[in-house]
Amino acid sequence: MEFPSGQGSDLAGVVTAVGDGVDGPAVGDEVLGWTPGPAAQATHGAVPAVQLVAKPPLVGRDVAGAPHMAGATAHASARAVAPRPGETVAVSAAAGGVGSFLAQMLTGRGVRVLGIASSANAEWLEMHGVVPVPYGDGLRERLEEAAGADGIDAVIDLYGPEYLDLAVGLRIPPERIQTTVAMQRAAETGARTDGRHNATAREILVELVDLVASGAVEIPSAATYPLDRVAGAFAELEQRHTRGKIVLMP
C-alpha cells in the first residue's frame, strides 16, 4: 500500500450524482458495491457504475455494506477447492467475516462443513448447519472424529499457516487446500491462494446479494461504529474474535 491511502472497499449508500453518459444507477437509488481502491470509509465517493448493484429493500444498509469483500473471498475460496455435494470441508475461522459467509454458502450447496472456531461460536455454527470443531490442542483428532470414516475432502484456511500444516498432515491433496492468508506456506506446500481478486465481478456480487436477500446467507453483525470511531473498529478487528462483520456507519 502506498501512503497517503484511504481504507475499505465495501460500501452501501444512496446515489447523489451520476456522471455524463452513465447508464443504470439514478440519483436517489440505494446501491451497494465496492470502490476502485481503498476509499470506502468516507461519507461520499466516486464509484464506477459497473461496481454497483441495487440494494434489495429488505436488506439493511449495515448488512448491505458488508457482502462484497467477505462474499467474494468466500466465493473464490469455495471455487478453488470445488467441493461437491456430500463432501466434507474443514474451514478455519469459520465464524469470522469470510468464514461465516463461506460456511453458509457451502452448506447451501449440500457440502458438510466442519467449522473450526472458538467454543463460544458453536451454537451459531450449529444453527447454520455447520459442525462446530473447537480449535486448540487435539484439533486434528477432533476433526477426524467429526469427519467420520469418509474423512475430510478439502481444507479452507482463513487464519494462518498452522492450518495448512494440519491439512498436509490429514493427507489432503494440495489442490484441495486453499488459504487466503498463509501465502508463503502455500508456496511451500502447493496449496491454492485464491482471494477476492479472483471473484471481483459485478455478476458475482449479484449472486452474493441474492444469497443474502433470500436468507440463504446471514451476515452476522459483530459491531457497528460511526466513522469518527474508525480506530476503535480496527482495534476490535485486531482481536480476531469477531463473529461476522464490523461495519462503519456515517
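1. A quick word on terms before anything else: helices here are DSSP runs of H or I with at least four residues, numbered from the N terminus. By that count V209 lies in helix α8. Keep in mind throughout that this is a predicted model.

2. Staying with V209, the residue is buried, because its relative accessible area is 5% and the cut-off for buried is under 20%. Leaving aside residues up to four places away in sequence, V209 touches L32, V53 and P56. There is also a long-range approach to look at: the C-alpha atoms of V209 and K55 are separated by 8.2 Å, although their positions lie 154 residues apart along the chain.

3. Now the main core. Which residues touch the most other members of the largest nonpolar core? They are V89, V91, F101, L102, L106, V113 and I156, out of 39 residues in that core. Two or more residues come from each of β2, α2 (67–81), β4 (88–92), α3 (97–108), β5 (112–117), α4 (122–127), β7 (154–157) and α8 (202–214). A second core, separate from this one, has 20 residues, and V133, A146, A147 and A186 are among them.

4. L102 is a good residue to click on if you want to see the packing. Not counting residues up to four places away in sequence, its contacts are A74, S77, A78, V91, I156 and L158.

5. One of those contacts, S77, deserves its own point. S77 sits in helix α2, and with a relative accessibility of 0% it counts as buried. Beyond residues up to four places away in sequence, S77 touches L102, I156 and L158, and also Q178, T180 and D194.

6. How many aromatic pairs does the structure hold? The count is 1. A pair of aromatic rings is described by the distance of the centres and the angle of the planes. Here the partners are Y159 and Y163, with ring centres 6.1 Å apart and planes at 90°, so the arrangement is edge-to-face. The two tyrosines fall into separate accessibility classes: Y159 is partly exposed at 35% relative accessible area, whereas Y163 is buried at 10%.

7. On the surface, V18, V22 and V27 make up a nonpolar patch, and together they offer about 220 Å² of accessible area. V22 belongs to the loop between β1 (10–14) and β2 (30–34). Is V22 buried, partly exposed or exposed? Its relative accessible area is 36%, so V22 is partly exposed.

8. Two backbone spots to check by eye. Most residues other than glycine have a negative phi. A82, however, has a positive phi, near 45°. You will find A82 in the loop between α2 and β4, where it is partly exposed, with 44% relative accessibility.

9. The other spot is R171, again a residue other than glycine with a positive phi, this time near 65°. R171 is placed in the loop between α6 (162–169) and β8 (177–179). Its relative accessible area is 76%, so R171 counts as exposed.

Terms used. Residues are numbered from 1 along each chain as its sequence is written. This is a predicted model: local features need pLDDT of at least 70, side-chain atom pairs count only at pLDDT 80 or more; totals for chains, interfaces and linings use all residues. Side-chain values use heavy atoms; hydrogens and water are left out. Patches are made of residues with over 30% relative accessible area and no salt bridge: like charges are joined within 9 Å, nonpolar side chains (Val, Leu, Ile, Met, Phe, Trp, Tyr) within 5 Å. Accessible areas come from the Shrake-Rupley method with a 1.4 Å probe; for residues, only the protein chains shown count as cover. A salt bridge is a side-chain nitrogen of Lys or Arg within 4 Å of a carboxyl oxygen of Asp or Glu. Buried means under 20% relative accessible area, exposed over 50%, partly exposed in between (1.4 Å probe, protein chains only). A nonpolar core is a set of buried Ala, Val, Leu, Ile, Met, Phe, Trp, Tyr and Cys residues joined through side-chain atoms within 4.5 Å. Contact means heavy atoms within 4.5 Å. Rings of Phe, Tyr and Trp (its six-membered ring) pair if their centres lie within 6.5 Å; planes under 30 degrees apart count as stacked, over 60 as edge-to-face and the rest as tilted.
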